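Thank you all for making time this morning. I would like to walk through one structure with you, and I will try to keep to what can be read from the atoms.

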2 protein chains.
Amino acid sequence: MPEAAVPVLPRVIALVGAGLIGGSLALALRRCQPELEVRVFDRDPGHSAAARRIGIATRVCADLAAAVEGAPLVVLAVPVGALPEVFAALASCLGPDAWVTDVGSSKCSVIDAARGALGSAFARFVPGHPISGAERSGPEAADAALFVGRRVVLTPTSDTDPRALATVRRLWELVGAEVGLLDPAQHDRVFAAVSHLPHLLSYALVEELAGRGDAQLLFSYAAGGFRDFTRIAASHPGMWRDIALANRDAVLSELDVYLQALQRLRHALAAGDGAALQATFERARAARLRWAEAGSSASVSNPVEG
Amino acid sequence: MPEAAVPVLPRVIALVGAGLIGGSLALALRRCQPELEVRVFDRDPGHSAAARRIGIATRVCADLAAAVEGAPLVVLAVPVGALPEVFAALASCLGPDAWVTDVGSSKCSVIDAARGALGSAFARFVPGHPISGAERSGPEAADAALFVGRRVVLTPTSDTDPRALATVRRLWELVGAEVGLLDPAQHDRVFAAVSHLPHLLSYALVEELAGRGDAQLLFSYAAGGFRDFTRIAASHPGMWRDIALANRDAVLSELDVYLQALQRLRHALAAGDGAALQATFERARAARLRWAEAGSSASVSNPVEG
């Protein structure tokens, strides 16, 4: 995928969605390029009011069209479940040369929705995914340093305009992120495996235990292993419902592979096959230690994802 | 279960096993009762040498019989898989009035092994489980403060001598632990659910991903959720093999319940049932937040278990 020479960012950027990601991006952009006009629109009046109060944007707009009008770059920082609706609304007000990008945690279904809604403007859409969520959400949690040293994955298609890709890459690099490219399907498979599936597994365990008559006894003996394993079960339910649905095929596929792995482990345990159990645990431990070592020496930190 | 009045600890305590738990208990006992004779035996010459070097015990013994001879209290701090062999060896050298306790993470199979090996001395055995392992192991990791504020579960049977129970309770309280009682089967069910199963689930995920051709790509995008979910996959493989086998029936039962929960979640996802997904995630989140709040206000910390 060829990219154009490093572009200068446009002087006006429209941010749709003033939650953690949108708010943090607005703050970060204003900090590193004070002359930039950063417009924000959020359909949640509470978010808009908070964005005004905190001074996230140069202008908090009353509707999508006002935010987008004349903006050469539009960043859609809304939950992945809201993107189809936003693409549809955007189709009628996006400028004829404006670039568009998003921050959704799944990419194939987002790309399908963009292709369907944007028509010829689809070539100006750069699918993106900053790996930089946090347990908190909303504009109050916005942090100008949220993306420093974090990864942002862009998943251009064969239709994507290289200038759009270069501009969006520049946007994220400007706020300190490390940008990588993945094929959209590969992206969805990777994140289904290392992020979406673990969330489902953690939610499922806590929910199952919580529904029992003796849940209180069970939880009273839960310790550090349980604490870490289940920390992601406190993640935002609506956001993860949307992610699971948006990346349904890849998540189902990963879940099925995992169910088979659990059946193999169950078989070894039922057979009292200590050697098989130990071999499985040893391979896991070695891989986990290698990963931790690689992570601790890399420049990219390992944030909570979304 | 009636208990005798708070007893004074005997002046000699024999510790079999000088790993993290045995070593920490020895250090803690010597710190709070300097006049105590703490004898240690470990069949691993490296552990014995380290125990001598670190000064864990008042005496590091060359064999089990020498450690146990004349000791009114014997603590078996060996991996749960080694307990049957240790019970068999102990039967021929245990003093006629000595109390015995263990630190194994499962209790029913340990009780069966003790009953089979110890004969009439079984009444003097108090099954125990300090919830206080750590990621490190061996005598070098020993820490006199390891048990302060931690829970120790004792699981006496109807045969257990109340004086033995009171003495072992006193032992753990002396080193700062909070002692609770559970029925052995209940103990095994509780820890299968909140500890042993999560370990299997975490091991299974990491091992499955690590075995793929594109494992390096997958791990390179793993972030904070993955880090926490898989931290316990770095636990000691031999120890967790032993725990899984020792608590096999309860772990299999919990695994089957969990597999059913995953199938329900799979069904909801395949059907695109966002409401069911969200309801599941919300119940999990609420329970996880309640647990974290209760834990943070309780006097008992939540350590890594073993």
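How many residues does the contact take from chain B, and how many from chain A? The contact takes 89 residues from chain B and 89 residues from chain A, and I should say at once that what you are looking at is a predicted model, so that everything I quote is computed from that model.

Let me stay with the interface for a moment. Putting chain B and chain A together buries an area of about 8,300 Å², and carbon and sulfur atoms account for 68% of that area. On the polar side, 28 residue pairs are in polar contact between chain B and chain A, counting pairs with both residues at pLDDT 80 or more, and the rule for salt bridges finds 10 of them across this interface. A:Glu207 and B:Arg283 give a salt bridge between their side chains, with N and O 2.6 Å apart. If we ask which elements of chain B give two or more residues to the side that touches chain A, the list consists of strand S8 (151–154) and the helices H7 (184–210), H8 (215–220), H9 (224–229), H10 (237–246), H11 (248–270) and H12 (274–297). Of these, H7(B) supplies the largest share of that side, namely 19 residues.

One of the listed helices, H10(B), deserves a second look. Seven of its 10 residues are buried, so H10(B) is largely enclosed by the rest of the structure. The buried residues in H10(B) are B:Pro237, B:Gly238, B:Trp240, B:Asp242, B:Ile243, B:Ala244 and B:Ala246.

Let me turn next to the strands of chain B. Strand S1 (residues 12–16) of chain B and S2(B) run parallel and are joined by five bridges, with B:Val12 standing opposite B:Glu37 of S2(B). Together with helix H1 (residues 20–32) of chain B, S1(B) and S2(B) make up a right-handed β-α-β unit. S2(B) also pairs with S3(B), again in the parallel sense, over two bridges, and B:Val40 has B:Val60 as its bridge partner in S3(B). Between S2(B) and S3(B) the chain crosses through helix H2 (residues 45–54) of chain B, and this β-α-β crossover is right-handed as well. As for its surroundings, S2(B) has four of its five residues buried, so this strand is largely enclosed by the rest of the structure.

What salt bridge, then, does B:Glu37 make with B:Arg59? Their side chains meet with N and O 3.9 Å apart, a value that still falls within the 4 Å cut-off. B:Glu37 lies in strand S2 (residues 37–41) of chain B and B:Arg59 in strand S3 (residues 59–60) of chain B, so the pair ties together parts that are 22 residues apart in sequence. Both partners are partly exposed, B:Glu37 at 26% relative accessibility and B:Arg59 at 37%. In chain A, salt bridges that share partners join A:Glu37, A:Arg39 and A:Arg59 into one network.

Chain A also shows us the wider sheet. Six strands form an open sheet in the order S3-S2-S1-S4-S5-S6, with parallel pairing, and its edge strands are S3 (59–60) and S6 (125–126) of chain A, each of which pairs on one side only. Within that sheet, strand S4 (residues 73–76) of chain A runs parallel to strand S5 (residues 99–102) of chain A, the two being joined by four bridges, and A:Leu76 stands opposite A:Asp102 in S5(A). As a general reminder, strands of a sheet pair through backbone hydrogen bonds, either parallel or antiparallel.

Finally, a word on the charged pairs as a whole. Over all chains the count comes to 32 salt bridges. Among them is the one between A:Arg227 and A:Asp228, whose closest N and O atoms are 3.5 Å apart; here A:Arg227 is partly exposed, with a relative accessible area of 32%, whereas A:Asp228 is buried, at 11%. Another joins the side chains of A:Asp242 and A:Arg241, at 2.9 Å from N to O, and in this pair A:Asp242 counts as buried at 13% relative accessibility, while A:Arg241 counts as partly exposed at 22%.

Note on methods. Residues are numbered from 1 along each chain as its sequence is written. Chains are lettered from A and ligands numbered from 1 in the order in which they are written. This is a predicted model: local features need pLDDT of at least 70, side-chain atom pairs count only at pLDDT 80 or more; totals for chains, interfaces and linings use all residues. Side-chain values use heavy atoms; hydrogens and water are left out. Buried means under 20% relative accessible area, exposed over 50%, partly exposed in between (1.4 Å probe, protein chains only). Two strands pair if DSSP finds at least two bridges between them. A crossover is right-handed if, with the strands pointing away from the viewer, the path from the first strand over the helix to the second runs clockwise. Contact means heavy atoms within 4.5 Å. Buried area is the accessible area (1.4 Å probe) that two parts lose on being put together, summed over both. A polar contact is a pair of N or O atoms within 3.5 Å; within protein, one must be able to donate a hydrogen and the other to accept it, and residues adjacent in sequence count only if both atoms are side-chain atoms.
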